[in-house]
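Grab a pencil and open the structure viewer. Here is a set of short exercises, each followed by a worked solution.

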Amino acid sequence: MSAAANANDAAAVYLDAGDYQRATEVLGAALAHDPGNGPLLARYAQARLGLRDYGGAASAAHSALGAMPGNAYIERVYALALHGLGRRQEALQLAWRSTAEHPEDPLAFSIYARLLHQAGFDREALPVVNEALRLNPGSADALVLRGDIALRTVNRSAAESDYHQALRLEPGHAAATHNLAVTRLHWGTLTKALRGFLDAGRLDPQLGPAVRDGIGAVLIRVLRPATAAVVFLASALVFVGNVQELHHSTLVPRLFTAAFSLALGAVTVWVVCNVPGPMLVAVLRERLVLALRLLFLVVATGIGAVIAVVGAPSSAAVLGPVLLLGMIGLTVLGWLVGQ
């Protein structure tokens, strides 16, 4: 076996493992001795694409096409590299040409549909991805793409169906797991959505930013209404103070205070129990207002619990308005920054 073939085989192993840097080094060394080798250039273009070096990937793919004109694999890599460079019209034209030249290649249709979807042409992308699935019904990636298109066009039921089907084919498909969590977030099933985001992060650490965004979105949905609900606790605290001034028993308002404190405490417990500590810290570090909301809930719960047990009506009369002002301030700040 030739040195070029050995390098190509070794690079294929590295590419399959996602070690694009090592694949680039192996292929670069081989290309130094055989710079016009089409298969090596094709692999090198893929490795550069994996490193997000779109200029290097496009250059290598262009050279590879010169050595191997009409090669479907190289055309796909080249189209993705051009898209990464922002040359979207050229990328779409090349991807369309690849489907015309290789009408039985499902990957050609998948790439073209993905580029159409990313360009915002979802109506045009749908029949293209359907053709990819006709050619290869067992493609989990194509099903996820069709689900993404359906989700963008607000057909959530169809999107969820495609994600479920993709996961039946590939139970460890990270993108399907993540995007299914997105649909559950839209449906309001927050616990399932949260678990889906966490599972996606475990399946593919490269999804870290998207996973943190998803978990942040779940926490916003949970902590926003919880922060607003502090108004009930604040009202109960004010009532405790007012009843004492009228020389009546504070038992009933303290019972209400205890109930509202338990409800707010349950929200805090749900967050802490469902989001692992390191992930919670990472999410809150990127979203200061969410961190303030959670801290505010902890403080409000503690104040309510103490007043419910001890009484302290004079303190309650002061702390109730303080909590109310804090709730208003956090609500306004949250809407301003989107948290």
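**Exercise 1.** Decide whether N179 is buried or exposed in this predicted model, and find what N179 is in contact with beyond its neighbours within four places in sequence.

*Solution.*
- Start with the location: N179 sits in helix α11, which covers residues 174-187.
- Next, take the accessibility. N179 has a relative accessible area of 13%, and the cut-off for buried is under 20%, so N179 counts as buried.
- Now look at the side chain: a polar contact of 2.9 Å links N179 to the side chain of H178.
- Finally, skip the neighbours within four places in sequence, and N179 is in contact with V144, D148 and Y163.

**Exercise 2.** Work out which partners V26 is in contact with, and how many Å lie between V26 and D148 in space.

*Solution.*
- V26 belongs to helix α2, residues 20-33.
- Its relative accessibility is 16%, so V26 is classed as buried.
- Leaving out neighbours within four places in sequence, the contacts of V26 are A7, A10 and Y14.
- For D148, go C-alpha to C-alpha: V26 and D148 are 36 Å apart in space, with their positions 122 residues apart in sequence.
- A record ties in here: an unreviewed UniProt entry lists residues 4-37 and 140-173 under "repeat: TPR".
- Check residues 140-173 in the model: the chain there is 79% helix and 0% strand, and the end C-alpha atoms are 8 Å apart.

**Exercise 3.** Two salt bridges sit within single helices, E101 with R97 and R134 with E131. For each pair, find the spacing in sequence and how exposed the residues are.

*Solution.*
- Take E101 and R97 to begin with. Their side chains form a salt bridge with an N to O distance of 3.5 Å.
- Both residues are in helix α6 (residues 88-101), and four residues apart is about one turn of the helix.
- E101 has 39% relative accessibility, so it is partly exposed. R97 is partly exposed too, with a relative accessible area of 39%.
- Then move to R134 and E131, whose side chains meet at 2.7 Å, N to O, in a salt bridge.
- This pair is in helix α8 (residues 122-135), three residues apart, again about one turn of the helix.
- R134 is exposed at 53% relative accessibility, while E131 is partly exposed at 22%.
- Why do such spacings bring side chains to one side? An α-helix has 3.6 residues a turn, so residues three or four places apart point the same way.

**Exercise 4.** Find which parts of the chain the salt bridge between D213 and R287 ties together, and which residues make up its network.

*Solution.*
- The side chains of D213 and R287 form a salt bridge at 2.6 Å, N to O.
- D213 lies in helix α13 (residues 208-245) and R287 in the loop between α15 (277-286) and α16, so this pair ties together parts that are 74 residues apart in sequence.
- Compare the two ends: D213 is partly exposed, with a relative accessible area of 46%, whereas R287 is buried at 9% relative accessibility.
- Widen the view, and R212, D213, E286 and R287 are linked in a network of salt bridges.
- For the overall tally, the count comes to 13 salt bridges.

**Exercise 5.** Helix α16 has 23 residues. What span should it have, and what is the distance between its end C-alpha atoms?

*Solution.*
- Use 1.5 Å a residue, times one less than the number of residues.
- For α16 (residues 288-310), that rule gives 33 Å, and the end C-alpha atoms are 33 Å apart, which agrees.
- Look along the helix for buried residues: among them are V289, L290, R293, L294 and F296.
- Just after α16, G311 has a positive phi of about 105°.
- Compare with the record: the unreviewed UniProt entry lists "transmembrane region" at residues 222-243, 255-276, 288-310 and 316-337.
- Residues 288-310 are 100% helix and 0% strand. Residues 255-276 are 91% helix and 0% strand, and their end C-alpha atoms lie 33 Å apart.

**Exercise 6.** List the domains assigned to the chain, then find how many Å separate the centres of domain 2 and domain 3.

*Solution.*
- The assignment gives domain 1 (1-100), domain 2 (103-187) and domain 3 (211-337).
- Taken over C-alpha atoms, the centres of domain 2 and domain 3 are 41 Å apart.

Terms used
Residues are numbered from 1 along each chain as its sequence is written. This is a predicted model: local features need pLDDT of at least 70, side-chain atom pairs count only at pLDDT 80 or more; totals for chains, interfaces and linings use all residues. Side-chain values use heavy atoms; hydrogens and water are left out. Buried means under 20% relative accessible area, exposed over 50%, partly exposed in between (1.4 Å probe, protein chains only). Domain bounds come from an automatic or database domain assignment. A salt bridge is a side-chain nitrogen of Lys or Arg within 4 Å of a carboxyl oxygen of Asp or Glu. A polar contact is a pair of N or O atoms within 3.5 Å; within protein, one must be able to donate a hydrogen and the other to accept it, and residues adjacent in sequence count only if both atoms are side-chain atoms. Contact means heavy atoms within 4.5 Å. UniProt positions are given in the numbering used here, feature names are shortened, and annotations may be inferred rather than shown by experiment.
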